[in-house]
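The following questions and answers introduce a structure to a new reader. Please consult the display as you read.

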Amino acid sequence: MTEITTHKASRRRLLIALAITCSFMVIQLIGAYYANSLAVLADAGHLFVHNSSLFIALIASSLAIHFAKTYNDGYQRAELVGGLINGFLYLAISLIILYEGGERFMHHHEGNELEINSFLMSAIAALGFLFHGAAAWVLYKGRKASINVYAVFLHSFFDIISTISTFIAGVLIYLTGWDIIDILSSMLIASFVLFTGIKVIISCVKGLYINKDKLPKVAKVEQAITTIQHVENVHNVTVVRKDKTVIVGAHIVLKKHCTIEKHDKACRLKVENLLRSKFNITNSVLQIESSCSSVN
């Protein structure tokens, strides 16, 4: 129950952070149009992918609540596929911003400058600092309880840095009148998004390649263990993959006389041998219980 409660708390934090960042994304899109700022638009595109990542993390956290007992590689594969989709979104948005930045740079070089509302640009960035700061604060408290929350917290932290960069660009444009700073700032943000997208895609492809072999079904593992003599029942069975290693976890309830006779070590060895011979699994975390102390 503690694990499920933790997942619910993580999901609540992710949901609050998503509401905050989605609200600011709408403000950014409207502000980018009226400020005529490509840097603000680039930041909004980055935030769009961030929100999609957060949404996938929210779905993953919700699935964890339902699959906390029978967690297997299906959850991990879904998370990797979602990350792969986000990676391609990163690439698409960054390339669009880089292309638009190149177009604006050429027009600027030809003397066709676009008027940038630097005050509105900086005001939106300053507002973004508050929004991202609020989202990061919500996620900060739960960062140690969930890897999803920790990952999104780091992303929110980098979003804060991005808004600071846009704010500085707006101030510099106001002081110098050099509108080209907006183009350079947007291309800098787009380059960071492009690098992040490539990194995410490589990481997810590697993860999917490592996880290409299906894990044994939880039901089959549970059924096999129950065939062993002296095992009364099995519960809380989990099958997970850490890097390239498959690990089985289970609570094994032995018949009362087996534990009285201190035969539990021999039973543990039988379970480990069965996992090795039938499923080729050499790593396991087994909790041995007596029938009188088990809680189903």
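Q: How much area does the protein expose, and what share of it do carbon and sulfur atoms supply?
A: This is a predicted model, in which local features need pLDDT of at least 70 and side-chain atom pairs count only at pLDDT 80 or more, while totals for chains, interfaces and linings use all residues. Residues are numbered from 1 along each chain as its sequence is written, and side-chain values use heavy atoms, without hydrogens and water. By the Shrake-Rupley method with a 1.4 Å probe, the exposed area is about 16200 Å². The share from carbon and sulfur atoms is 65%.

Q: In what order do the strands of the open sheet lie?
A: Strands here are DSSP runs (E, at least two residues), and helices are runs of H or I with at least four residues. Two strands pair if DSSP finds at least two bridges between them. The open sheet has three strands with mixed pairing, in the order S1-S2-S3.

Q: Which strands are the edge strands?
A: An edge strand of this sheet pairs on one side only. That holds for strand S1 (231-242) and strand S3 (283-290).

Q: What is the bridge partner of His251 in S3?
A: Strand S2 (residues 245-254) runs parallel to S3, and eight bridges join the two. In S3, His251 has as its bridge partner Gln287.

Q: Which strands does helix H9 touch?
A: Helix H9 covers residues 264-279 and packs on the sheet. With contact meaning heavy atoms within 4.5 Å, the strands touched by helix H9 are S2 and S3.

Definitions and conventions: Axes fitted to C-alpha atoms, helices over the stretch in contact; angles between N-to-C directions.
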